[in-house]
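This briefing introduces how several strands are arranged beside one another in a protein model. Please keep the sequence and the structure in view while reading.

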Amino acid sequence: QVQLVESGGGLVQPGGSLRLSCAASGSIRGRYSMGWYRQAPGKQRELVAVITGGGYTNYADSVKERFTISRDNAKSTVHLQMNSLKFEDTAVYYCVVIGPRNYWGQGTQVTVSS
């Protein structure tokens with residue numbers, strides 16, 4: 001099967017930055033899209049950013065101009081650079097591989113607090 005290992009979450013002050021990483025391993029094949037979702041307490045899970053196998057990107061309006069999604073040359077790892085973080089960015093962030101079936105990471109907590 002496929003395993004997704006996330007890293008980079010933590011506590012940061014408003015206006016600060018974090019870089020999330022997600023490495024995929026296992027039986028996955030093809031140049032699938034990968035993305036990041038987030039879920040805050042009491043709210044629905046929402047798409048943050050997605051990147052296709054060819055490198056096309058899309059972002060939620062709330063994070064445009066602040067977040068950047070990227071992937072490495074092997075397309076097995078996806079990153080999310082988060083700048084100018086706000087209180088409302090606090091959530092559990094989930095990595096996902098989007099294909100015939102979806103594979104999800106375990107989630108990593110991002111907390112923006114003064």
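Strand β2 (residues 10–12) and strand β11 run parallel and are joined by three bridges in this predicted model. Within that pairing, L11 has T111 of β11 as its bridge partner. The points below follow β11 and then turn to strand β9 and its partners.

**Strand β11**
- The side chains of β11 alternate along the strand.
- T108, V110 and V112 point to one face and are buried, whereas Q109 and T111 point to the other face and are not buried.
- Strand β11 (residues 108–112) is also joined to β9, by three bridges, and these two strands run antiparallel.
- In this pairing, Q109 of β11 is the bridge partner of V92.

**Strand β9 and its cover**
- Strand β9 comprises residues 91–98 and is mostly covered.
- Of the eight residues in β9, six are buried.

**Pairing of β9 with β4**
- Strand β4 (residues 33–39) runs antiparallel to β9, and seven bridges join the two.
- Residue V92 in β9 stands opposite Q39; V92 also has Q109 in β11 as a bridge partner.

**The hairpin of β9 and β10**
- Strand β10 consists of residues 103–104 and pairs with β9 in the antiparallel sense over two bridges.
- W104 in β10 is the bridge partner of V96.
- Four residues lie between β9 and β10, and the two strands form a hairpin.

Technical notes: Residues are numbered from 1 along each chain as its sequence is written. This is a predicted model: local features need pLDDT of at least 70, side-chain atom pairs count only at pLDDT 80 or more; totals for chains, interfaces and linings use all residues. Side-chain values use heavy atoms; hydrogens and water are left out. Buried means under 20% relative accessible area, exposed over 50%, partly exposed in between (1.4 Å probe, protein chains only). Two strands pair if DSSP finds at least two bridges between them.
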